[in-house]
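Visitor: I should like a close look at one part of this protein, with the terms explained along the way. Please begin with what is needed to judge burial.

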Amino acid sequence: MQSGISASQELQTAFQTLVSNDSQRGLLVKIDKESLVPSTVLNPSTSSFDTDLSLLTPHLTPKNALYIILRRYESTSPAPFIAITYVPDAAPVRQKMLFASTRLTLVRELGIERFRETIFANKEEDLTIEGFKKHDKHTALEAPLTEEEVSLGEVKRKEAEEGRGASERKSHVSSGVSMPITDEALSALKKLATGDGENDNLVQLKINIPTETMELASMTSTPISSLSTTISSSEPRYSFYRFAHSHNGQESSPTLFIYTCPSGSKIKERMLYAASSRSAVQVAEAEAGIKIEKKLEASGPEDINEETIMDDLHPKVEVKKAFGRPKRPGR
């Protein structure tokens, strides 16, 4: 889910200054008039990241979302920065949605190769010394993709996570955002791609919020008439649907990616699902071998039906009639 907002030239310039100037610890970014613009430079920088976290305190308010770019690692590191999406619980709903859906744009347009990690935070204490210690205990920081991996658009999933019952692999997509997926979920996607799932034509994936892992919600045989009632109406879902149908006498079975996010979803759910939808698509295409013909988004499954899907797959072509020149009046 993308917002259409882009990084301003002013932000590009401010970030380049941050990159080249070690005396600056970070940069605050806001959304203004459909653009990402710099708000505040965090300086002067000391040799201690922990000490410099105090520079954030005056700028964190209960009702205003912010993007925070911080230099956390040595400038000689390929990726010295982290990008933080700070969205307090009391922020207006529209602001929450804008910041969640624009998060990928920020790091992508500034250069994903410069960012070691992206973080969500909704409380001031998340951005204290203790907050970062807690975060680091639960997150293994990893380097971003190489230029070669980005250009090839390949998914690298090399290490099974320790301490989990099911084997999981990390998927790295060109956006730099990673989301683990269970082998069960990946297996279901592969069956959908090959048709080995008998009559099953709908795979629903969900995100386990505490572990931030993509899991299999269900794999079912679902006619188009039951699609809207089969997809969860209470939680967001990534649904992959093989739609067998006939159009103008031709039979086809395209696979659709349907991202639904009901209005009653929790804000962290909304942010995680919005930020990871591209990862779900990339895994399905690169790892499971699914060719996605169409991507659809809706606030709820009730908006997905045969009519809307057919309109998207087979847009009606408006035939324009040639303008007929009026006859010349007789003399």
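Guide: Buried means under 20% relative accessible area, exposed means over 50%, and partly exposed lies in between, with a 1.4 Å probe and protein chains only. The model is predicted, with local features needing pLDDT of at least 70 and side-chain atom pairs counting only at pLDDT 80 or more, while totals for chains, interfaces and linings use all residues. Residues are numbered from 1 along each chain as its sequence is written, and side-chain values use heavy atoms, leaving out hydrogens and water.

The part chosen is the surroundings of Phe 49. In the whole structure, 10 aromatic pairs are found; rings of Phe, Tyr and Trp (its six-membered ring) pair if their centres lie within 6.5 Å, and planes under 30 degrees apart count as stacked, over 60 as edge-to-face and the rest as tilted. Phe 49 and Phe 132 form an edge-to-face pair, because their ring centres are 5.3 Å apart and their planes stand at 90°. Phe 49 belongs to helix 2 (residues 49-52) and Phe 132 to helix 4 (residues 129-138), so the pair ties together parts 83 residues apart in sequence; helices are DSSP runs (H or I, at least four residues), numbered from the N terminus. Phe 49 counts as buried at 11% relative accessibility, and Phe 132 counts as buried at 4%.

Phe 49 also helps to line the second largest pocket, together with residues including Asp 22, Arg 25, Arg 71 and Glu 74. A pocket is an open set of points on a 1 Å grid over the protein atoms alone, where a 1.4 Å probe fits, with protein on both sides within 12 Å along at least five of seven lines; lining residues have an atom within 4 Å of a point.

Conventions: Helices (H or I, at least four residues) and strands (E, at least two) are DSSP runs, numbered from the N terminus.
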